[in-house]
Structure formats: structure tokens, C-alpha cells
Amino acid sequence: TALPPPAEELALAEALGATPEFAELVRAFVPPRIITNSLCRAFIEAALATQAAGATLAATLAERDDANRTLTSFAARVQAAPVKTGTPGKAEYTPTDNIRQLITAVWRRELQRRRVAIERAVLDAPPGAPPPIELNNEKSVLTRHIKLLRNWGDAEHIIPMYFAEDSPKK
């Protein structure tokens, strides 16, 4: 049985399904390669393609779906889900705040995944090998960026640095 999608990715798909007007914001800040769940990624890609082409989501899903209609079934569940919005004690929380928070949550998860990969690489180094200074520096940068991604003002400057396949070396 397939693993359920990460909560951040599912919530982003649900929010995009409910508020397709945020497709450009998602396109600008979420490259599909960081969406780890194949159904979430396929739905988000279809929603972005629909918005760009001016087509209907149903038509885009149908042309991308398999014989079992897996994507269409997933889309129906995503679009029927209530969009989780609002932060306790923050009356001015808007749909834009929600989509930005979801974008940063997906990126924090991606950077945490990269940090874990670095930790594994350090642990897998041969005994007696010199300390991997470059990896430790990259891990420090990732840790700092993960913390900064809680604020959209910082996130909108940090995220583009990761659009290349390699992590930044700053």
C-alpha cells in the first residue's frame, strides 16, 4: 500500500484546488521536483498547467490520468477537503498567508531532507577520514535557512537560491 502524502504537500494541493488563483505563486516558489508524493505532484502540475493554458482542470486531469482514474479520484478528494486556514489569535490571516505558509512548510521539509542526507554522508565517511568541512558548512546553512523559512519575507529571498539542483554555498 502506498504511503499517505506528507501533510504539507497534501495541504498545498488542497489549497491550490480551492484557490486556483494562487497557481502563479505556487509556480514561482515550488518546483515540482520537491513534491515527493507522486499524486500530489501530478495534481499540482495539472493545476498549474490548467491555469497556464486556460483549460479546465477536469480536462487536464483526464488527459494525464491512468486507466483506473487514480489522479481524478485523488483530485476529487483534494477538492472536496476543507481548506485549513487561519491561525489562532491572528484575525488578519488571509488565503495569501495560508498559501505562503504552505509553500514555506514544503520547503522546510525539503531542506530538512537535504540536511538528513548530509548527516548520513558524514556518518558514512570512512573512519579516520578528515572532517567533511564543506558538508558541515552546508548543513549549517540549511539549518539557518530552515529557521528563516518561518517568515515569508525571508523565504521569498531564500527559496530562489535552491531552484538549481545544488544547494547554495553561502
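Is E8 buried, partly exposed or exposed? E8 is partly exposed, because its relative accessible area of 25% falls in the range between the two cut-offs, 20% for buried and 50% for exposed. Keep in mind that this is a predicted model.

**Helix α1 and its neighbours**

Start with helix α1, which runs over residues 7-18. Its 12 residues take it 16 Å from the first C-alpha to the last, close to the 16 Å you would expect at 1.5 Å a residue. Quite a list of its residues is buried: E9, A11, L12, A13, E14, A15, L16 and G17. As for what they pack against, the buried residues of α1 meet α2 (23-29), α3, α5 (70-80) and α6 (95-123).

**Salt bridges**

The model has 6 salt bridges by the distance rule used here. Here are three of them, with the closest nitrogen-to-oxygen distance for each.

| Pair | N to O distance | Helices | Separation in sequence |
|---|---|---|---|
| R109 and E8 | 3.5 Å | α6 and α1 | 101 residues |
| R109 and E9 | 3.9 Å | α6 and α1 | 100 residues |
| K139 and E119 | 3.4 Å | α7 and α6 | 20 residues |

Take R109 to begin with. Its side chain meets that of E8 in a salt bridge. R109 sits in α6 and E8 in α1, so this pair ties together parts of the chain that are 101 residues apart. R109 also meets E9 through a salt bridge, and that pair likewise connects α6 with α1, this time across 100 residues of sequence. Through shared partners, the salt bridges join E8, E9 and R109 into one network.

How do the members of that network rate for exposure? R109 counts as partly exposed, at 32% relative accessibility. E9 has a relative accessibility of 1%, so it counts as buried, the cut-off being under 20%. E8, as we saw at the start, is partly exposed at 25%.

Then there is the pair K139 and E119, whose closest N and O atoms are 3.4 Å apart. This one links distant parts of the chain, with K139 in helix α7 (residues 133-148) and E119 in helix α6. Both partners are partly exposed: K139 has a relative accessibility of 28%, and E119 comes in at 30%.

**Where α3 meets α5**

Now for another pair of helices. α3 and α5 pack with their axes 10 Å apart, at an angle of about 80 degrees. Why call them roughly perpendicular? Because the label covers 65 to 115 degrees, and the angle here is about 80 degrees, α3 is roughly perpendicular to α5. On the α3 side, the contact involves L39, C40, A42 and F43. Those residues meet T70, L71, F74, A75, V78 and Q79 in α5. By type, the residues of this contact divide into 8 nonpolar, 2 polar and no charged.

L39 is a handy residue to zoom in on. It is found in helix α3, which covers residues 38-53. Leaving aside residues up to four places away in sequence, L39 touches T70, L71 and F74. The C-alpha atoms of L39 and F74 are separated by 7.1 Å, although the two residues are 35 apart along the chain. L39 is partly exposed, because its relative accessible area of 25% lies between the 20% and 50% cut-offs.

Definitions and conventions: Residues numbered from 1 in each chain as written. Predicted model: local features only at pLDDT ≥ 70, side-chain atom pairs only at ≥ 80, totals over all residues. Heavy atoms only, no water. Helix = DSSP H or I, 4+ residues; strand = E, 2+ residues; numbered from the N terminus. Buried < 20%, exposed > 50% of the residue type's maximum accessible area, 1.4 Å probe, protein only. Contact = heavy atoms within 4.5 Å. Expected span 1.5 Å × (residues − 1). Axes fitted to C-alpha atoms, helices over the stretch in contact; angles between N-to-C directions. Parallel < 35°, antiparallel > 145°, perpendicular 65-115°, else oblique. Nonpolar A, V, L, I, M, F, W, Y, C, P; charged D, E, K, R; others polar. Salt bridge = Lys/Arg side-chain N within 4 Å of Asp/Glu carboxyl O.
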